[in-house]
Structure formats: structure tokens, C-alpha cells
Amino acid sequence: MSHKIVFLDRETLDANVRKPNFPHEYTEYAQTAPDQIVERAKGCDIIITNKVPLREATLKQLPDVKLIAVAATGTDVIDKAYTTANGITVSNIRNYAYNTLPEHVFALLFALRRNLVNYVDSVRHGRWGYANQFCYFDYPIYDIAGSTLGIIGYGALGKQVESRAKALGMNVLINDVTDIPGKVDVATILRESDVVTLNIPLTPQTKNMIGAKELASMKKTASIINTARGGIIDEQALADALRNGVIAGAALDVLTVEPPKNGNILLDPTIPNLIITPHVAWASKEAMQVLADQLIDNIDAFVAGDPRNVVTA
């Protein structure tokens with residue numbers, strides 16, 4: 001039996017994607033608009049997607065689909081209630097970003113604690129040339145060692161963040177949806193941390209979980225980092241908190257709508273002490289190749305009758 005496979009957004013993965021280990025017909029598209037999904041996936045029993053959404057209305061028109069192989073860890077683009085109810089297997093990628101994402105978290109953490117962006121920008125604009133001495137202290141600099149990192153989300157990535165934090169001499173507070181040794185509540189993490197990092201999925205329960213009230217409970221010298229999903233932090237509340245000095249800084253690798261073609265309140269360059277990167281925390285060359293290999297491993301396992309990395313509603 002030959003399987004028909006379509007990759008709807010191949011452009012999102014800068015890696016070599018090997019051929020599956022079974023007879024197949026493979027088609028890929030650099031990107032796919034919502035109104036092109038049905039036409040391109042019709043007759044396919046395996047769909048590969050990274051960020052192209054597959055909702056009930058679309059899937060109803062694709063009765064041949066048996067597997068949706070998500071080329072990412074997050075599966076919020078999939079209508080999992082529909083796939084579960086209709087016998088469609090969904091697989092995702094796991095434990096591939098164990099270096100790239102924690103390293104990005106710490107790149108942002110260092111930039112925030114040492115005010116790197118503000119100092120680099122001020123030098124570029126000539127500030128150093130007008131200093132009265134060999135240096136200037138326009139922006140506060142804080143040590144990493146001895147500071148407290150709060151980790152909300154203690155899965156594989158949260159644990160990797162913790163190990164790096166401890167190597168740097170940081171104190172660590174952890175929280176997770178599961179019961180784990182040493183767990184503290186979110187309120188305590190927000191209140192006591194110098195830096196908070198979010199490593200949790202976007203769900204109805206986590207949407208806007210960090211709002212104005214939560215930001216106001218943090219130290220004025222504290223910062224928050226989100227490399228998980230846009231929407232976990234209330235973007236309006238964060239903009240207000242930064243403008244009003246409620247917290248010292250923030251760094252995000254994610255926004256609620258990506259790409260932000262119609263703009264985003266957080267893209268206002270007048271917001272102080274805000275760093276935004278374009279959802280690339282996961283995207284080291286090494287990590288993308290691990291992802292690509294695991295993607296095909298998932299597809300091979302499904303066809304062999306032993307599905308792996310299966311996601312349910």
C-alpha cells in the first residue's frame with residue numbers, strides 16, 4: 001500500500017527531511033494559506049504541518065486523513081477534540097529543543113539583567129562620546145549569580161533551564177501543573193523571583209495567566225521571559241507594566257498572532273526594556289535537524305502500526 005503525504009509548510013523547517021521508510025507519494029509546499037488546505041491535502045492520509053491550522057471545518061472535508069504529523073511540540077493549531085473523536089492520530093515532536101531553547105532563554109536573561117540592548121543602543125547613538133568619565137551608568141546592571149529564577153513549567157525544557165541556572169549560581173523556584181518535589185505556587189514565584197521564565201503550553205487555562213495583577217505582584221527590578229506561546233501573557237497588561245515601571249523588563253520570543261502582519265501593541269518601539277525575537281528560540285541548526293528526523297520517525301512508526309508521540313484532546 002502506498003501512502004500519500006503532504007507537507008503544508010515546508011518553509012518552516014530549515015533542515016534535511018529524509019524520505020519515509022515505506023512506499024509513498026510525497027508533496028510539499030513552502031507555505032499554505034487556509035483556503036488552500038483542502039485542495040492540497042485532498043486524498044492524503046498523512047498531513048505534515050507546523051503552523052498551518054487544521055480545524056473541524058477543514059478536517060471534515062479531508063476524510064482520508066489518518067495521521068497529522070505536527071512538526072513542532074505545540075499542537076494548538078490542531079482541533080484535537082475532532083481528531084480524537086474521528087480516529088485521526090496526531091503526533092508531535094518532543095525533547096528536541098533541549099539545548100536551543102534554554103540557551104535562548106539565557107541569552108534573553110543576560111540581555112535583561114545586564115541591560116545590554118539599552119547600552120548597545122546608547123553607544124550607537126553617540127552617548128559614550130559625551131560621557132564625563134570612561135563609562136556611564138544610565139541603566140542598572142544586576143548579577144546573574146545569586147539572583148532568583150522562577151520557572152513556570154517544569155517539563156523537559158524547564159528542567160534544562162534549571163540545570164543551567166544552577167550552574168550559574170542562581171537560586172531556582174519551580175512550578176508545574178503536576179505535583180513535583182519542591183514545587184511552589186505561581187504567586188510565590190512571581191513575588192520572589194528576579195527573573196520569571198514561562199515554559200508551558202497555551203491552553204484555555206494558561207491564556208492570559210500573567211495579567212496586570214500578576215505583573216504588579218512582581219518586584220519592580222524583576223523581568224519576565226516567554227519562549228513558550230503568545231497569549232500566556234496579556235500583551236496590553238505587559239505594555240502598560242513596562243511603560244509604568246511596574247517591572248524592569250521583558251523578553252518574548254512569541255506573540256499572540258505570528259507573524260504580526262497587522263502589527264502588535266508590543267511592537268511599539270517606545271515601550272522600554274522590551275526585547276522581542278521572532279519565534280526562533282527553537283531554531284538552532286542542530287535542533288531543527290533533530291526535529292526533522294523525529295518527524296519522519298513518528299510517521300514511520302505510525303505506518304508500522306506502532307504510533308509514537310501521540311497527542312490526545
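Here are some short worked exercises on the predicted model above.

The model is predicted, so local features need pLDDT of at least 70 and side-chain atom pairs count only at pLDDT 80 or more, while totals for chains, interfaces and linings use all residues. Residues are numbered from 1 along each chain as its sequence is written, and side-chain values use heavy atoms, with hydrogens and water left out.

**Exercise 1.** Work out how helix 4 and helix 6 pack.

*Solution.* Start by finding the helices, which are DSSP runs of H or I with at least four residues, numbered from the N terminus (strands are E runs of at least two). Helix 4 covers 100–113, and helix 6 covers residues 156–167. Next, take the geometry: the axes lie 9 Å apart, at an angle of about 50 degrees. Axes here are lines fitted to C-alpha atoms over the stretch in contact, and angles run from 0 to 180 degrees between N-to-C directions. That angle makes helix 4 oblique to helix 6 (under 35 degrees is roughly parallel, over 145 roughly antiparallel, 65 to 115 roughly perpendicular, and the rest oblique). Finally, the handedness: this crossing is right-handed, a label for a near helix turned clockwise from the far one by less than a right angle.

**Exercise 2.** Describe the second largest pocket and what lines it.

*Solution.* First, the space: about 410 Å³. On a 1 Å grid over the protein atoms alone, a pocket is an open set of points with protein on both sides within 12 Å along at least five of seven lines, a cavity is a set where a 1.4 Å probe fits but cannot get out, and lining residues have an atom within 4 Å of a point. Points are joined across faces, edges and corners, and a volume is the space filled by probe spheres set on them. Now the lining: of 25 residues, Val117, Asn118, Pro272, Asn273 and Leu274 are closest to the centre. Helix 4, helix 5 (116–124) and strand 11 (274–276) each give two or more residues, and helix 5 has the largest share, with four. Sort by class and you get 15 nonpolar, six polar and four charged (Ala, Val, Leu, Ile, Met, Phe, Trp, Tyr, Cys and Pro are nonpolar, Asp, Glu, Lys and Arg charged, the others, Gly among them, polar).

**Exercise 3.** How many cavities of 30 Å³ or more does the whole structure hold?

*Solution.* Just one turns up. The largest cavity has a volume of about 40 Å³. Its lining includes Asn226, Glu235 and Leu266, and splits into six nonpolar, three polar and one charged.
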